[in-house]
Amino acid sequence: MKVLHIITGLDVGGAEQQLRLLLRRLPAHCEVITLTDPGPVAHGIEADGTPVTHLGMTGNRDLTALPRLAGLIRGGGYDLVHTHLYRACVYGRIAARMAGVRAVVATEHSLGDAVIEGRRLTRGVRTLYRATERLGTATVAVSDTVAARLRRWGVPEQRIHVVPNGIEAHRFAFDPAARALVRTRLGLPLDAFVVGGAGRLVPGKRFDVLVRAVTQLPGVHLLLAGAGPEREMLRRMAEQFGSGDRIHLLGERDGAVDAMADGRAADGRAADGPDIPGLLSAIDVFVSPSPDEAFGLAVLEALGSGLHVLYGSCPAVDELPADQAPGARHFSLGVHELATALRELRRGGPDRLPVPPVVRRYDITRSAEALMSVYEQAVAAAAPVRRRNPAAVPPPQGRTAALPAAAVSLPDPSRSPDPSRLSKR
């Protein structure tokens with residue numbers, strides 16, 4: 001089976017990392033098109049042997065992307081197109097229909113109650129999403145929570161398939177040597193109580209709650225990995241509370257690009273700080289304050305390192321019995337409650353916990369097998385359509401080329417705001 005993956009961008013993020021992990025395990029010939037930003041994950045995917053094409057899309061108003069993308073799909077002779085993230089799903093489904101590919105799968109990585117990938121769920125966003133969803137064959141939800149949201153949006157039950165995200169659990173196993181090395185390089189006392197967090201530094205992730213809670217705990221350090229528009233605000237907040245020397249904003253960290261022994265990332269870039277596995281080994285407690293997650297990959301990775309975890313939202317844990325993740329504890333979004341929980345854990349001197357069953361449940365190999373089953377069903381469902389319409393769809397001509405009839409009434413994508421390339425952790 002020949003599969004084309006279309007994704008909005010390939011900077012460091014949860015959906016992007018998940019795609020790379022799946023590409024390593026899917027028993028299919030895969031290629032990737034990124035609409036924008038061929039960042040570090042693109043280099044990693046290419047290093048793994050999967051070709052990546054950069055479409056060079058300039059924004060939602062770049063409607064020339066449709067015929068260009070359709071031409072690439074048509075020329076590739078793909079059996080199936082798989083889209084990831086909002087903009088890629090909107091444009092990819094339309095382009096696949098223009099190119100005559102009827103087997104189209106889309107993964108919904110980050111549909112929240114009020115936002116999708118950081119964008120507010122306005123009426124226009126919902127309308128465009130629902131209209132283009134009908135052009136596909138199947139929609140993959142990364143959790144039962146996301147599947148329920150899709151059903152509330154009116155996506156037919158038979159089109160929804162739940163394929164949870166997965167991790168390579170061995171990559172996040174606790175490493176005492178890495179713990180000592182990271183703390184030494186960051187100038188942290190080896191016996192300090194260190195809290196950790198990771199994700200896109202945007203308002204919806206609520207890292208301001210985490211920073212404020214740590215400022216109330218004398219002697220406690222925070223390692224926060226991630227980039228985004230709130231970084232400077234968080235830095236100023238830490239300094240305002242006199243905790244600038246204890247709040248360490250590490251910038252963007254890569255959790256999927258393999259680190260090599262010489263201290264360089266797999267794409268050849270110099271490593272200037274700990275990756276996510278190293279960060280998790282260095283800390284004592286992991287906090288994910290986001291109140292609205294679609295899955296909760298960061299929580300799962302932290303549990304894989306044997307950490308106690310405090311979280312605001314994590315369907316990957318909440319959808320299972322409590323004994324599957326005994327080290328994970330939900331907290332209501334509040335500075336006082338979080339600070340109190342951290343004090344309790346500090347007094348208890350938390351040792352590493354056994355890796356809980358939830359980590360084994362979400363193995364990336366199982367996710368790849370489940371996704372391949374969705375592919376096979378989608379291709380089988382599209383086969384009768386191909387037999388009835390054997391003629392190739394003629395290529396569109398220029399920017400004003402007509403869309404397929406099913407897409408004529410779609411809202412103008414330029415009326416929807418640009419998607420945020422944030423981490424879905």
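Start by selecting Lys2 and Tyr78: the charged end of Lys2 sits over the ring of Tyr78, 5.1 Å from its centre. "Over a ring" requires NZ of Lys or CZ of Arg within 6 Å of the ring centre and within 35 degrees of the ring normal.

**Before going on**

This is a predicted model, where local features need pLDDT of at least 70 and side-chain atom pairs count only at pLDDT 80 or more, while totals for chains, interfaces and linings use all residues. Residues are numbered from 1 along each chain as its sequence is written, and side-chain values use heavy atoms, leaving out hydrogens and water.

**Stop 1: Tyr129**

Select Arg93 and Tyr129. Arg93 lies over the face of Tyr129, 5.6 Å from the ring centre. Now add Trp153. Tyr129 and Trp153 make one of two aromatic pairs in the structure. Their ring centres are 5.1 Å apart and their planes stand at 85°, so the pair is edge-to-face. This pair links distant parts of the chain: Tyr129 is in helix α5 (residues 123-133), and Trp153 is in the loop between α6 (144-152) and β9 (160-162), 24 residues apart. Rings of Phe, Tyr and Trp (its six-membered ring) pair if their centres lie within 6.5 Å; planes under 30 degrees apart are stacked, over 60 edge-to-face, and the rest tilted. Helices (H or I, at least four residues) and strands (E, at least two) are DSSP runs, numbered from the N terminus.

Are these two rings buried or exposed? Tyr129 counts as buried at 2% relative accessibility, and Trp153 counts as buried at 11%. Buried means under 20% relative accessible area, exposed over 50%, and partly exposed in between (1.4 Å probe, protein chains only).

**Stop 2: Phe295 and Tyr362**

Phe295 and Tyr362 form an edge-to-face pair, 5.1 Å centre to centre with 80° between the planes. Phe295 sits in the loop between β13 (285-288) and α11 (297-304); Tyr362 sits in the loop between α14 (357-361) and α15 (364-388), 67 residues apart. Phe295 is buried, with a relative accessible area of 3%. Tyr362 is buried too, at 6%.

**Stop 3: helix α2**

Select residues 40-47. Pro40, Val41, Ala42, Gly44 and Ile45 are buried in this helix. Show α1 (14-23), β2 (29-34) and β3 (52-54) as well: the buried residues of α2 pack against them. Then click Gly49, just after α2, which takes a positive phi of about 105°.

**Stop 4: the largest nonpolar core**

Which residues touch the most other members of this core? Of its 73 residues, they are Leu69, Ile73, Phe286 and Leu303. Helix α4 (residues 86-99) gives the largest share, nine residues. A second, separate core of 31 residues includes Leu19, Val52, Leu85 and Val374. A nonpolar core is a set of buried Ala, Val, Leu, Ile, Met, Phe, Trp, Tyr and Cys residues joined through side-chain atoms within 4.5 Å.

**Stop 5: Phe286**

Centre on Phe286, in strand β13. Phe286 counts as buried at 2% relative accessibility. Beyond its neighbours within four places in sequence, Phe286 is in contact (heavy atoms within 4.5 Å) with residues including Gly196, Leu280, Val299, His308 and Leu310. Add Leu222: it is 64 residues from Phe286 in sequence and 9.7 Å away in space, C-alpha to C-alpha.

**Zoom out**

Show the whole protein, with its 15 helices and 15 strands. Of its 425 residues, 58% count as buried. Among contacts between residues at least 6 apart in sequence, 72% join residues at least 24 apart.
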